Amino acid sequence: MDREPGSRLFYVDSHSLASSKQDASQRVIVLLHGFPLTHRMWDRQISRFATTHRVIAVDLRGFGESRRDVSTTEAKLTMAELGRDVISLCDSLQLTQEVTVCGLSMGGYVAFWLLKHFPGRFERAILCNTKAANDTPEGVANRLRIAEKVLEVGSRFQAEVMLPKLFAHATKTAQPELIANVEEAILKTPAATIAAAQRGMAERDDARLWLSEITQPVLVVAGTEDVISPEAEMREFSAQIPKAEFVVIDGAGHLSPMEQPDKFNEVVMRFLAKA
Ligand code: MLT
């Protein structure tokens, strides 16, 4: 486990866990979690991906064990700030090679920002259970309302509105411990971080405007039962990315890497193995 000196970011680095030598030819994958979770959502991916890649799983600013720079209730965490943190981390790790970015939902919004603003830093991208479109006016109003309410009553409010929408039917019946872990992660996230990220997501840009400019190979992963980032919407934006491959994971809701880790890992490993 590592924390970049002088940085707010906490991250797990498979390279330092294996304590192998720095190698600029090593392929690297950076994992960006969803909202309001932590790098732990990738627990079932890290060791698998580490068989071929150096894996860096980040706690985005304010989440998990990363320090928070949102001290006032008015603060917001924009996708640009979260994205710049990722670039700073890559710089501090001296990752001179292009890396793969893999983001789920909010992590996907950050990945879209990175592909637009730092295209030369990325070899390929994996966009999981996410949206290219920005929020509708109703969506923005709802986020601002949730932000206020969370600051008033606590993170539990976010858990209450979100948990019923997160999981596929099979997950609800067969994996109660997974649901409990996700609930715990949401409850542990400070209310100020939740509110700030809601406000930041409400302001995110419409990535549909630059889909056709993404030159990297992209894997788009949807879940058949994802009601937050529906399969049809993901299929539609995937078709606008020149080198995209679209995959749907059966029996997955919004958290496909956690709900169906074996199927998820198989499609990602296949994508990563391509020349
Ligand atoms: C997430 O899983 O990161 C959230 O659903 C993102 C969002 O609220 O749009």
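Among the contacts of the chain that join residues at least 6 apart in sequence, 78% link residues at least 24 apart. This figure, like the others reported here, comes from a predicted model. The secondary structure in which these contacts are set comprises twelve helices and eight strands. For a chain of 275 residues, a compact globule would be expected to have a radius of gyration near 19 Å, and the value of 17 Å computed for the chain agrees with that expectation. Along the principal axes, the C-alpha atoms occupy a box of roughly 50 × 40 × 40 Å.

Of the 275 residues in the chain, 57% are buried. The surface that remains exposed amounts to about 11,700 Å², of which carbon and sulfur atoms supply 51%. The chain carries 32 positive and 36 negative charges, and the mean positions of these two sets are 2 Å apart.

Helix H9, formed by residues 191-202, was examined in more detail. At 1.5 Å a residue, its twelve residues should span 16 Å, and the separation of 17 Å between its end C-alpha atoms agrees with this. The helix is mostly covered, with eleven of its twelve residues buried. The buried positions of H9 include Ala192, Ala195, Ala196, Ala197 and Ala202, together with Thr193, Ile194, Gly200 and Met201, and they also include Gln198 and Arg199. The partners against which the buried residues of H9 pack are helix H3 (79-92), helix H4 (106-117), helix H5 (137-153), helix H6 (156-166) and helix H8 (176-188).

Between H9 and strand S7 (218-223) runs a loop that holds Ser212. Ser212 is classed as exposed because its relative accessible area of 54% is over the cut-off of 50%. When neighbours within four places in sequence are left aside, Ser212 is in contact with Gln240 and Pro242. Ser212 was also compared with Ser238, which is 26 residues away in sequence, and the C-alpha atoms of the two serines are 9.9 Å apart in space.

A contrasting case of accessibility is given by His15, which belongs to helix H1 (residues 14-18). With a relative accessible area of 12%, His15 is buried, since the limit for that class is under 20%. His15 and Thr96 are 81 residues apart along the chain, and their C-alpha atoms are separated by 15 Å.

Several features of the backbone geometry were found in loops. The peptide bond that leads from Phe35 to Pro36 is cis, with omega near -10 degrees, and Pro36 itself is placed in the loop between strand S3 (28-32) and helix H2 (43-49). Gln94, although not a glycine, has a positive phi of about 55 degrees, and its place is in the loop between H3 and strand S5 (99-104). A positive phi is likewise found for Asn129, a residue other than glycine, where the angle is near 40 degrees; Asn129 lies in the loop that connects strand S6 (122-128) with H5. As to accessibility, Gln94 counts as exposed at 58% relative accessibility, whereas Asn129, at 0%, counts as buried.

Notes
Residues are numbered from 1 along each chain as its sequence is written. This is a predicted model: local features need pLDDT of at least 70, side-chain atom pairs count only at pLDDT 80 or more; totals for chains, interfaces and linings use all residues. Side-chain values use heavy atoms; hydrogens and water are left out. Helices (H or I, at least four residues) and strands (E, at least two) are DSSP runs, numbered from the N terminus. The radius of gyration is taken over C-alpha atoms; the globule rule is 2.2 Å times the number of residues to the power 0.38. Buried means under 20% relative accessible area, exposed over 50%, partly exposed in between (1.4 Å probe, protein chains only). Contact means heavy atoms within 4.5 Å. Accessible areas come from the Shrake-Rupley method with a 1.4 Å probe; for residues, only the protein chains shown count as cover. Lys and Arg count as positive and Asp and Glu as negative; His and the chain ends are not counted. The place of a charge is taken as NZ of Lys, CZ of Arg, CG of Asp or CD of Glu. The expected span of a helix is 1.5 Å times one less than its number of residues.
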